[in-house]
Amino acid sequence: MEEHIDPRSGFCSANSIFYSKRKPLRQPPNNTLDVTTFISSHAHRGRTAFIDAGTGRRFSYEELWRAVEAVGGSLWDMGIRKGDVILILSPNSILFPVVCLAVMSLGAIITTTNPLNTTSEIAKQIADSKPVLAFTISPLLPKITGASPSLPIVLMDHAHSLSPSSPKIETTLEEMMNKEPGASRVRERVHQDDTATLLYSSGTTGPSKGVLSSHRNLITMVQIVLDRLNVEEGDTVLCTVPMFHIYGLAAFATGLLASGAAIVVLSKFEMHDMLSVIEKFRVTYLPLVPPILVALLNNADAIKKKYDLRSLHSVLSGGAPLGKEVVEGFVEKFPGIIIFQGYGLTESTGVGASTDSLEETRRYGAAGLLSAATEAMIIDLDSGKPLPVNRTGELWLRGPTIMKGYFSNEEATASTVDSKGWLKTGDVCYIDNDGFIFIVDRLKELIKYKGYQVPPAELEALLLTHPDILDAAVIPYPDDEAGQHPMAYVVRRAGSSISQTQVMDFVAGQVAPYKRIRKVAFISSIPKNPSGKILRKDLIKLATSKL
């Protein structure tokens, strides 16, 4: 088989599979292994595990693992067993990882939810995932009790205003952490293929679904992140990404602990806080979504005057590929900082492709090279047949990070993961001669105009090159004659009075007639999810509500 693999692109002419060019992973041979044990068994001399950016509270590695053991023992005493689902509703905190690691060490399953979700959205997730216990903080307590009045709760903060006799409050996390681990706990065998997390996909194109990830999925993800970033003891990583999201949970709440680095946790994102924390704690690694990276670039001179960012040597961007102007502008303004990019889905444990050097990031518009241990195929949208290099189709991925399936949804699982383990990503892509993946658009988001397929991302990228446009999103708008036509939501730059006609003319001069924008609306900001993806379904609802 190897003689058929092109070393430059990774494409195998014998089976039409693209193979990763990254160095192979040494996966743990023992099948009986949970992700918590895998992470805690990594030898390093790191002292500080977590720092709370707001209060300065620190967890040493010794204190962290003692707390995880104590909470695991307390959960066992409370009757939590392998396979039970535990919900966590909390902003980022240094206690969030303690809960997750303790739950997963038992073989129980962690499910997370966004603190910004409404009570009814949380109620839907509780009804679907059926947790037996919830961890939350007192300000968010009404959301849990409103969503599920009978669900037992552990409070992650000190609740001064709550009566200890409240029937829903079992105990506090602090009390659990202070307990001596009991001798009564029986360690159940946890296998790498057992479920570790039940995370809900972002639902940018439809209702969110519960994604089941195994301990093997998470262990592989941790290995890929460690190999890719070369984070080590002495480094300080700022966790700005939400821990309820796959990237935040797997990489920053748990995975990077295997490196011995210190992880500084911001409870919520605010630009001034983030920059102050980088300066105060001498942060070396900073994960971001593209809009924040662009904001840093646009305000670079003022930021550098006010904050000392010299400790920072790496920025990690995910959510959307960065264009040439952004990459080169950032490198020019912040010359000592390398930009890494990553592409992944909740369904692939946040893994898929990445750029691991500035040279790779300079392959402008690319999502990167295939992650280690990952295979890909590009499937023709019409014939369903696999395609070679430089041909556009749907990206399929296979490897040890691909989810077990969707929770209690066999139909959705069967339509997303085929019998050979290929995950249909729903992303329209091509892979070039050097093995770089270029994402053209989301399959479900392609606009169908008179039989033509129009990629919104292409039009959005074009709109963002206009000096009067700060941000933009393109959606399908229903049309009796054409089926759908492209409509743009545009955020004007301050002081701009650009008109609908000017926007449409700007695009019309640069694209084929079927791709022209035929309707424009101005908006104060584009709705996006925590990982920076445009929430097109919200804009479609807004646009069609007036019909």
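## A walk through the predicted model

Eight strands form an open sheet, and their order is 8-7-6-4-5-9-10-21. The pairing in this sheet is mixed. Strand 8 (169–172) and strand 21 (405–406) stand at its edges. Each has a single partner strand, so one side of each is left without a neighbour in the sheet. Keep in mind throughout that this is a predicted model.

Look next inside the sheet. Strand 4 (residues 85–89) runs parallel to strand 6 (residues 133–136), and four bridges join the pair. One residue gives a handhold here: I86 has L133 in strand 6 as its bridge partner.

A second parallel pairing involves strand 11 (residues 236–239) and strand 12 (residues 262–265), again over four bridges. Here L238 has V264 of strand 12 as its bridge partner. Which way do the residues of strand 11 point? T236 and L238 point one way, while V237 and C239 point the other way. All four are buried.

Helix 8 (residues 246–254) is mostly covered as well. Eight of its nine residues are buried. Among them are I246, L249, F252 and T254. G248 is also on the buried list, as are A250, A251 and A253.

C239 of strand 11 leads to the cysteines. How many disulfides does a search of the whole structure find? The count is zero. A disulfide is a covalent bond between the sulfur atoms of two cysteines. To count as one here, the two sulfur atoms must lie within 2.5 Å. The closest cysteine sulfur to that of C100 is in C239, 11 Å away, and therefore too far for a bond. Seen from C239, the closest cysteine sulfur is in C100, at 11 Å. Both side chains are out of reach of solvent by the accessibility count: C100 is buried at 0% relative accessibility, and C239 is buried with a relative accessible area of 0%.

Now take three loop positions. Is S348 buried or exposed? S348 sits in the loop between strand 15 (338–344) and strand 16 (352–355). S348 counts as buried because its relative accessibility is 0%, below the 20% cut-off. Beyond its neighbours within four places in sequence, S348 is in contact with T401, I402 and L423.

Y364 lies in the loop between helix 13 (358–361) and strand 17. Y364 is partly exposed, with a relative accessible area of 29%. With neighbours within four places in sequence set aside, Y364 is in contact with L322, G323, K324, V327, E328 and F438. For a sense of distance, take Y364 and I292, which are 72 residues apart along the chain. Their C-alpha atoms are separated by 18 Å.

K385 is the third position, in the loop between strand 18 (375–379) and strand 19 (386–387). K385 is exposed, at 54% relative accessible area. K385 touches I378, I379 and D380, not counting residues up to four places away in sequence. K385 and S16 are 369 residues apart in sequence. In space they are 9.4 Å apart, C-alpha to C-alpha.

Turn now to the enclosed spaces. The model has four cavities of 30 Å³ or more. The largest cavity has a volume of about 50 Å³. What lines the largest cavity? Its lining is made up of S9, F18, Y19, K21, L369, L370, I431, G435 and I437. Strand 1 (18–19) and strand 17 (366–370) each supply at least two residues of this lining. By class, six lining residues are nonpolar, two are polar and one is charged.

Open space comes last. The second largest pocket holds about 390 Å³ of space. Its lining has 15 residues. R26, H42, Q223, L226 and D227 lie nearest the centre of this pocket. Which element gives the largest share of the lining? Helix 7 (residues 215–229) does, with three residues. By class, the lining of this pocket has eight nonpolar, four polar and three charged residues.

Terms used:
Residues numbered from 1 in each chain as written. Predicted model: local features only at pLDDT ≥ 70, side-chain atom pairs only at ≥ 80, totals over all residues. Heavy atoms only, no water. Buried < 20%, exposed > 50% of the residue type's maximum accessible area, 1.4 Å probe, protein only. 1 Å grid on protein atoms, 1.4 Å probe; cavity = no way out; pocket = protein on both sides within 12 Å on 5 of 7 lines; lining within 4 Å. Points joined across faces, edges and corners; volume = space filled by probe spheres on them. Nonpolar A, V, L, I, M, F, W, Y, C, P; charged D, E, K, R; others polar. Pairing = 2+ DSSP bridges. Contact = heavy atoms within 4.5 Å.
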